[in-house]
Amino acid sequence: MLIPALYLSVALFVIGTLGVIVRRNAIIIFLCIELQLNAVNLAFVALSRYTGIEGQLYVFFVMTVAAAEAAVGLAIIISIFRHYETVDVDKFNLLKW
Amino acid sequence: MTDVLFVLFAVVATGGGIGVVTGRSPVASLLFMVATLASLAGIYVLFEAHFLAAIQVLVYAGAIMVLFLFVIMLLNLGHDYRADLKYGSWFLLSLVVVGLTAGVLVQGLMGTGETGLRAGGAEVAAALDAAVVEKGAVGVIADPLFTDYVVAFELMGLLLLVAIVAAVVLAKPRDPEAGE
Amino acid sequence: MYGDWILHALIWLPLAGTVHVLVSSAERAKNVAFRWSAFVFVLSLGLWWAYEPGDGGFALESSASWIEAWGVGYSLGIDGISVFMVLLTTFTSAIAILGSFEYVRTRRKAFYALMLLLEMGVVGFFLATDIFLFYVFFELTLVPMYFIVGIWGGERRIYAAVKFFLYTAVGSLLMLVAILYVYFASGTGSFGYDAFVNAGLSLREQLWLFAAFALAFGIKVPVFPLHTWLPDAHVEAPTPGSVILASVLLKMGTYGFLRFLLPFFPDAARHPVVVAVMLALGVIGIIYAAWVAAVQPDAKKLVAYTSVAHMGFVVIGVFALTLNGLQGGMVVMISHGISTGALFLLLGMMYERRHTRLIGDFGGIGRAAPWFATAFVITALASIGLPGTSGFVGEFLALLGTFETHMVVAAIAATGVIFAAYYMLPMVQRVLFNELDRPENRTFADLSRREMAILGPLVALMIWIGVHPTPFLERMEPSVQAVLERVEDARADAGHTLGGED
Amino acid sequence: MITARPESVLAGSGAVSPPAAEWEPILPGLIVLLPLLGFVLNGILALRSARYSSAALREGRDWDPFAGPRPPATHRLPTWIGPGVMALAFALALVNFLGMMAADPHDPVVRSYWGWIVTGDLRIDAAIQLDRLSMIMTLVVTGVGFLIHVFSVGYMGRDPGYPRYFAYLNLFVFFMLVLVLGSGFGTMFVGWEGVGLCSYLLIGYWFSDREKSDAGKKAFIVNRIGDVGFLLAMFLLFQGFGTLDFVPIFAGAEDHFAAGGVTITAITLLLMLGAAGKSAQLPLHIWLPDAMAGPTPVSALIHAATMVTAGVYMVARSSVLYALAPTSQAVVAGIGVLTALVAATIALQQYDIKKVLAYSTVSQLGFMFLAAGVGAFTAAIFHLVTHAFFKALLFLGAGAVIHAMHDAAHHGDGHLDEQDMRNMGGLRRYMPVTCAVMWIATLAIAGIWPFAGFFSKDEIIWYAAAWAGAESNPFGRLYAVYWGLALLTALITAFYMTRLMVMTFHGANRTGKTASSRLHEAPSVMTVPLVVLAVLSVFGGWINVPDALGESFAGLWGALPMSEWLHHWLEPVTHTAAGIQVAGMGEAAHAAPVGGGEAVWALVSTLAAAVMVAAAVRFTSTRRYVRAAEDPGPQGGLRRFVYNKWYFDEVYDAVVVRPVVAGSRWCWKAVDTVVIDGFVNFTGNFARLAGWATSLFQTGQVNMYAFVLTLGVLVVLGATVFL
């Protein structure tokens, strides 16, 4: 079951990547990032059966980081929305100065 | 039995993933995401990671997704139903690159993964199962967390605290009177 | 009484001073900074007696492990070469801080903090006997100077600061590569000085590494085609910045020649092509810079170019590879530090009074400010190497040493003596002499007590070194001799190296 | 502290060295230090008084220290300090000289005070060497110096910068004594450049005047050209001997260098370059006439009596080296005689009284170099001494004239150049003493028996003839030419000096009615030094009356025990050189001159000079001069050519100064700014351009970033998987 789980992990990861690249809605991009994180989590959990409990620990940490990230990220989206009245990433380019 | 369940969960997870990417409204994407998360929790159970499965549902599917939902609703998104999926050549190009990435990853797995990982896997799994029996599903994670990884754990707490503060500061509406 | 603690103290006390300046008020910052630097100077004076020349090796050595995994040590030591550089640094730092009281009026805390930080970096550079540590200090000096020029400078300060920074950084990065190469090639896993000296490099390796080191130090010196950062940096820098730049930072380059370049790569250093190139650059620097200096309308730029000319004497003195040449180079370094530092201070005083640096805006100052004029003339004479002043002893020895091995080079370089008069005297004339025809120059204030306190010691030193340089010469001689022997020993057993390579 | 160097024992280990009588000089260091003390004291006073004047300047009023009934202390004390230290120094020098005469030591006494530059195998001591030559020079410097200091009290007494003037003057004497007494080339060089500095400061003493400070600058820079030669010569000497001290060098030179070798020729030519700079010889003579911008006593002291003769002293000091290099000697003599001739012709056409004297000095210095070039080092020193007397007298006399003219000009009508002889004439009536003493000096310089110049100049010309006739002299014919030129120059000298005297003191007065009423004789503080110098100008030549003359006029000279006294006195210094020359050219060098005995030549030359004087008197007094303002200047090509000083300044300006300045500008504007900085800025701009190009990728589009990121991951992963 390990190998299929890893294949699934790959599939979810690339789907998430595709989403990040092709979507404009910041929130959906965010969701796709979560999807990528979960793909990795799956790989960790699967591998923990073959390498030890640490894999699960990492998943725990990743979840925590994901939670923190979600909080901050969403807050950023809110403040951007306040300013631009949109969450379309093509409508603002704050990463360019 | 487990294989069947695994296939089922895998199909749902993949479908949910595709749904997230293609969903026409944010709410739809979110719901697809919840489905994916839930089926991943199921797969965790299949891997005997009961505690993770539980918090996957509670924290991820429950708390974090709800946070997303709140934001979507707060910003009143999703009414325009505008297709914000980028079609056309950009989509095709992305598909090629992503597909290639997938191919490379699969190639990597096929090339190195199987034999190397299978060897010795049985003992680890057995030890893990024994530990679950001995300490319980929570104890098996909690034990290293509070011993070997206690510093990382504490730092996690700090990170969460910082994140909360940051979120509050960022999301707080700027008072024009304050003259900031 | 003086143990190795003194070296640590000299490095860390300025840092303590930096902290003290930062926590004190802006009004008091200058006094705090001056007291710290004066304290450090007084402390360092003890080195004059504490350093025993002996065999010319390092004295007061101490070593501690810093980054054990890479063999990096926190190792300090002092010898007859660095002792004078350290004294020069602590002395000019105190003088420069005292000289900045009127000039610097904005962001004073930051300024004095940076000055003390700079002092720390330079002292550390001169005291480090670990190559890694030396490199750290070498780079550390760059940062405060960059800000001093960039924040308190003149109109084109940003251009000057960036130019200064990039020039130096280019050289030092190549040197870093070279340092790492020697580190791995030596195979000792140590950044210690001895490990580098005994790295056992082939001639071909040495030539490349020599080029990298020479570029880094040559930019600092600056050697002829690498000098254009200097006039810009000097003109834009505030007075104390110019003083430190001229007195101390340039010496880091020539000190690097003596301390690192020659002992590390002796075969390359005495390779005829290398010697020819370095001597040629030195001579070109002397003549060329003198010529360019002579036609500068800006007094500060003029003095900046004279620095290039003076350092040219050091370069030829060093690469003549004779005792007299090296000794002369050392004396020129000290003398240039004092006399050019004093010139920059004098120009700073002119700028404070008239807010211009153009030579043409002055004239007849000698009538309005006789004390100022006296100090100016003495300093100018020391700068052009009149016997009885420090400049002569250095240039004489450098030329004599060069003459012993390279007659033609010395003969050409000696004409620099003429051109020194050619650039300096017209400036003296146009500033101090001639008719006092501008009414604003009539009220040109004479030296204040503080300014006398600044210039007095400098003038006294110029004359002391000019009249009785022997205490200096005898202290540096064993160490200089040791450098020379290192190069010559390599010559002795270089036969197989030369045969084996190329 | 004061220890005799062991080298002094080695001195004169050459040919004949009779056991030297023990001689202990009395406080020789003090001779040097006293003027330095004077400098310090006067310098303090100068700085103090300058504070008052600058304060007054700031308040916008004039400060006249002589406004009150008594000048302030800063302007009273230098009167005593300046000449005072000189009197003491002279007295001390005299005491030591007398002691030396009594002991008659053969070897120099070297007193070393501290190691000046001591490193490796180089050792230059701060040491002084007292020997017969340096004692003579010391006497001249302190003696004539003292007289000029006294004269200055009168001449400069009303100058606001009075203490500064004496500070510089004292400093000059200090450096001059270092030059003269220094025990080696290194020490000598200190004095050498030091006197150049003082010359610079004193020429530009009235520094507010642009022309004057220009002249000072020119003097310094031209001197430095010579100094480079001196430096290089020192390096060569050090390479040869490992020391720069006179005693070992001169003792070892003969063994060390082959006569006429390349090295020794190079050394001596380089030294000559230094001497030419300092003593204003031909290629580098241009600074001296300009140097007349300084106060006139300065011209007397520095630019006539002492500093400019330093080159001669140095060549005489290095007589051993020159004797070993006949080629250099020919060059030295050639430069000397050419300079003498050129300067003399220029002097013929000058109207500025000081310019005439300046060119006269250049010309007389040429004679001294001719003497050195023909191996007559004693004659060179002899002429140096007598020249110091009569030229100092001439300059001081001119100073007295200018002093009087200055006062007259102040009260005269309109502008009046107080130094232009066309504005003078008939001054004899107003200043009889000055006129009388200046006539004595004129006769001395013209070479009329029995004045001082006659003996010294005649000896030089005689030696030139002797060398021309020496059978094994490789440059015999050349020397014959030199001899002819020297004779011609001597005649011209008599002419232009007489012209000067007649134009200044005789004929009708051209000063103007109101002005001439203010003309007056100088005060006694100025005339007394003049009279003393006049006495010396008469009798100074008697210290070296040639034996030949002594024999011819036995009755007259029997009473005087001075026959060839100087020659004998300097014998220990010059005998090595003389020995070499005799070995090289045979005794002929010191035997019969061309066609006849010395006495005959003396008679002929005196007669010739007398004829020239008479001719000049006649020519000048019959000519009508108009005042400078109305004079269009000399007409005719040759006259104009000479009047404009052979266009030396113009040629140098075109050939040296302008190209150097243009080259400097080119280096700055083209090389520095365009080439080097162009490259530097190009690299900077290139980086900036590259940055701009790269920044085009920074769209700010998150999707784009993610895409590129993925692409990067793909590449890295692909590389790890497939490679």
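**Exercise 1. Determine which residues of helix 10 of chain C are buried, and which helices they pack against.**

Solution. Begin with the residues themselves: in this predicted model, Trp229(C), Leu230(C), Pro231(C), Asp232(C), Ala233(C), His234(C), Val235(C) and Glu236(C) are the buried residues of helix 10 of chain C. Here a residue is buried if 20 or more other C-beta atoms lie within 10 Å of its own, exposed if 12 or fewer, and partly exposed in between, with C-beta atoms placed from the backbone. Helices (H or I, at least four residues) and strands (E, at least two) are DSSP runs, numbered from the N terminus.

Next, take the helix as a unit: eight of the eight residues of helix 10 (residues 229-236) of chain C are buried, so this helix is largely enclosed by the rest of the structure. Finally, identify the partners, which are helix 6 (142-152), helix 7 (157-186), helix 11 (239-264) and helix 14 (299-319) of chain C. Packing is judged by contact, and two residues are in contact if their C-beta atoms, placed from the backbone, lie within 7 Å.

A note on conventions: residues are numbered from 1 along each chain as its sequence is written, while chains are lettered from A and ligands numbered from 1 in the order in which they are written. Because the model is predicted, local features need pLDDT of at least 70 and side-chain atom pairs count only at pLDDT 80 or more, whereas totals for chains, interfaces and linings use all residues.

**Exercise 2. Describe how strand 1 and strand 2 of chain C pair, and state how strand 2 is placed in the structure.**

Solution. Strand 1 (residues 59-67) of chain C pairs with strand 2 of chain C in the antiparallel sense, over six bridges; two strands pair if DSSP finds at least two bridges between them. Within this pairing, Ile67(C) stands opposite Val72(C) of strand 2. The two strands form a hairpin with four residues between them, and in the turn Gly71(C) has a positive phi of about 75°. As for placement, five of the seven residues of strand 2 (residues 72-78) of chain C are buried, so strand 2 is largely enclosed by the rest of the structure.

**Exercise 3. Characterise the fold and dimensions of chain A.**

Solution. Chain A has three helices and zero strands, and from the N terminus on its elements run α-α-α. Its C-alpha trace spans about 50 × 25 × 20 Å along the principal axes. The radius of gyration, taken over C-alpha atoms, is 16 Å for chain A, whereas a compact globule of 97 residues would have one near 13 Å; the globule rule is 2.2 Å times the number of residues to the power 0.38. Of the 97 residues in chain A, 59% are buried. Among the contacts in chain A with a separation of 6 or more, 46% are between residues 24 or more positions apart.

**Exercise 4. Find which pair of chains shares the most contacts, and analyse the side that chain A contributes.**

Solution. There are four pairs of chains in contact, of which chains A and B share the most contacts. That contact takes 62 residues from chain A and 67 residues from chain B. On the side of chain A that touches chain B, helix 1 (2-22), helix 2 (26-51) and helix 3 (54-84) of chain A each supply at least two residues, and helix 3 gives the most, with 22 residues. By class, this side has 45 nonpolar, 11 polar and six charged residues, where Ala, Val, Leu, Ile, Met, Phe, Trp, Tyr, Cys and Pro count as nonpolar, Asp, Glu, Lys and Arg as charged, and the others, Gly among them, as polar.

Chain C stands apart from both partners: chains A and C do not touch, their nearest C-alpha atoms being 21 Å apart, and no contact joins chains B and C, whose closest C-alpha atoms lie 25 Å apart.

**Exercise 5. Place Leu488(D) within chain D, and decide whether Leu488(D) is buried, exposed or partly exposed.**

Solution. Chain D contains 29 helices and three strands, and 57% of its 723 residues count as buried. Leu488(D) lies in helix 19 (residues 476-505) of chain D. With 15 other C-beta atoms within 10 Å, Leu488(D) is partly exposed. Leu488(D) and Leu341(D) are 147 residues apart in sequence, yet 7.7 Å apart in space, C-alpha to C-alpha.
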